[in-house]
Amino acid sequence: MRMVDIIAKKRDGGELTTEEIQFLVNGYTDGSIPDYQMSAWAMSVFFRGMTPRETGDLTMAMAGSGEQLDLTSLQGIKVDKHSTGGVGDKTTLVVAPLVAAAGIPVAKMSGRGLGYSGGTIDKLESFAGFAVERTREQFLQQVREIGVSVIGQSGNLTPADKKLYALRDVTATVEAVPLIASSIMSKKIAAGADAILLDVKVGKGAFMKSLDEAETLARAMVAIGSQVGRKTVAVISDMNQPLGFAVGNALEVKEAIETLAGKGPRDLTELALAIGSRMLVLGGLVTNEQEGRAKLEEIMATGKAVEKLAEMVEAQGGDKRDVYEMDRLPKATIIHEVVASEDGYLTAIDAEAVGHASVVLGAGRLTKEMAIDLAVGLVLHKKRGEQVRKGDVLMTIHANKKELLRSALQELDGAFSISTEPPTDQPLIYRIID
């Protein structure tokens, strides 16, 4: 085979064979296919697309390009969860211990965040001493013993995807849906999942800005799952305003603990229950979502969900007292309140502006090398649709440097829209695709 022929075939709208896709993934991984040829192929995919069979083949080829985690030694159906990311998205911190407390094993590899705040791994490091790097046997043994472990991604997991993603980032091909879908699904499959729950975010604070775009991506990923024998369900959820109230690493950890105790924000609680209940169905523990929701609500009410998080923190080197005494978590030195300038109804909160402000404060990173300030961030006091009075506190900013606070306030200029009329209702969950 010749890569130039594969490029030309896709450029002209042809369908690549399984063997051709395996050839290009192998060649790009081992360096025999150069960046400029892979760039040309990626641009051809951007314009010509891929069939579901091609996308499935690409996914499995990338999943097989490096290490694959074997979870067969763990009892039960292993259900993984993935979010496409958004502002204040701390859902994994809630769902992982909650679902584990119900009896579904959660062996999850998560990444660090580039963007609005840290990833799940960064947030977990708010617990002093929490170890995100574990050997494979330590990881599996912890899941056998307590039912849950969340660690950083293996360095050799899907190396083909790592190379291709970096290339797409600098060749204007990131938005190609088959490449997004295969990138996400290859990591989930390589991580050993039997079933996969996808939370696809849509709105100003998400990668997918329109519902059509989000649905196209969700359907592509569910189709991949079906083709490769992994039961997959996608939830399309709103990201036009931040999820919950807190944005920032330790602040989001606190909110996740409150949610596990049944005292969290309504939207975060609802999304966690919607995702968690469907994970119980995928794991074969319950027969329907309503049964799963009732089970999870009971676990929250009895305190078992918080106990499971404390077990995980302790098992991974942290101090479980941090879960029960949240004042022990990192705290910022500067607290600044943003107040309403007029009476009315809060009609919009610009999630993207809030996200940018959190990065400016130091809660997120723009490059992989940047250090994160775990203490800083923002906490909303009002959400879309609520009535406000002039002088009401809309948001509290937690900062450690005055100059960064000033920059964050500039980012937040115009982020809150207030009107004399209440806004129309906006759903939290738009679609369920399975």
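These are my notebook entries on the cores, a pocket, several helices and a few single residues of a predicted model.

**Entry 1, nonpolar cores.** I began with the largest nonpolar core, which has 77 residues, and looked up which members touch the most others; these are F127, L378 and M395. Apart from this core lies another, of 22 residues, and I noted Y28, M50, L58 and A160 among them. As background I wrote down that nonpolar side chains in soluble globular proteins tend to be buried together. I then followed M395 and, leaving aside its neighbours within four places in sequence, found it in contact with H336, E337, V338, V354, L378, V379, L380, H381, L412 and F416.

**Entry 2, helix α16.** V354, one of the contacts of M395, is also among the buried residues of α16, and this led me to the helix itself. Helix α16 covers residues 351–361 and is mostly covered, with eight of its 11 residues buried. The buried ones are A351, A353, V354, G355, A357, S358, V359 and L361. When I asked what covers them, I found that the list includes the strands β6 (246–247), β8 (344–349), β9 (377–380) and β11 (393–399), together with helix α17 (402–411).

**Entry 3, helix α4.** L58, which I had listed in the 22-residue core, is one of the buried residues of α4, and I looked at this helix next. The 12 residues of α4 (residues 52–63) should span 16 Å at 1.5 Å a residue, and because its end C-alpha atoms are 16 Å apart, the expected and modelled spans agree. The helix is mostly covered, nine of its 12 residues being buried, and these are E54, T55, G56, D57, L58, T59, A61, M62 and A63. I note that charged residues such as E54 and D57 are in this buried set. The buried residues pack against six helices by my list, namely α1 (3–11), α2 (18–30), α3 (35–48), α8 (159–169), α9 (177–190) and α10 (211–227).

**Entry 4, helix α11.** I repeated the span check on α11 (residues 249–260), whose 12 residues should span 16 Å at 1.5 Å a residue; its end C-alpha atoms are 17 Å apart, which agrees. Because 11 of its 12 residues are buried, α11 is largely enclosed by the rest of the structure. I recorded the buried residues as N249, A250, L251, E252, V253, K254, E255, A256, I257, T259 and L260. Just after the helix, G262 takes a positive phi of about 80 degrees.

**Entry 5, positive phi outside glycine.** I kept in mind that most residues other than glycine have a negative phi. T158 has a phi near 45 degrees and is found in the loop between β3 (148–152) and α8. At 1% relative accessibility, T158 counts as buried, because the cut-off for that class is under 20%. A172 has a phi near 60 degrees and is found in the loop between α8 and α9. With a relative accessible area of 52%, A172 is exposed.

**Entry 6, the second largest pocket and Q426.** I looked up the second largest pocket, which has a volume of about 510 Å³. It is lined by 20 residues, and those nearest its centre are Q241, R266, K383, R384 and Q426. By class, the lining has eight nonpolar, five polar and seven charged residues. From these I followed Q426, which is found in the loop between β12 (416–419) and β13 (429–433) and is partly exposed, with a relative accessible area of 34%. Not counting residues up to four places away in sequence, Q426 touches D238, N240 and R384, and R384 is also one of the residues nearest the pocket centre. Q426 and G385 are 41 residues apart in sequence, and their C-alpha atoms lie 9.3 Å apart in space.

**Entry 7, two helix residues.** K308 lies in helix α14 (residues 304–315) and, at 13% relative accessibility, counts as buried. I found that K308 touches P97, A100, A101, I146 and V148, not counting residues up to four places away in sequence. E213 is placed in helix α10, and at 38% relative accessibility E213 counts as partly exposed. The C-alpha atoms of E213 and V177, 36 residues apart along the chain, are separated by 8.7 Å.

How values were computed:
Residues are numbered from 1 along each chain as its sequence is written. This is a predicted model: local features need pLDDT of at least 70, side-chain atom pairs count only at pLDDT 80 or more; totals for chains, interfaces and linings use all residues. Side-chain values use heavy atoms; hydrogens and water are left out. A nonpolar core is a set of buried Ala, Val, Leu, Ile, Met, Phe, Trp, Tyr and Cys residues joined through side-chain atoms within 4.5 Å. Buried means under 20% relative accessible area, exposed over 50%, partly exposed in between (1.4 Å probe, protein chains only). Contact means heavy atoms within 4.5 Å. On a 1 Å grid over the protein atoms alone, a cavity is a set of points where a 1.4 Å probe fits but cannot get out, and a pocket is an open set with protein on both sides within 12 Å along at least five of seven lines; lining residues have an atom within 4 Å of a point. Grid points are joined across faces, edges and corners, and a volume is the space filled by probe spheres set on the points. The expected span of a helix is 1.5 Å times one less than its number of residues.
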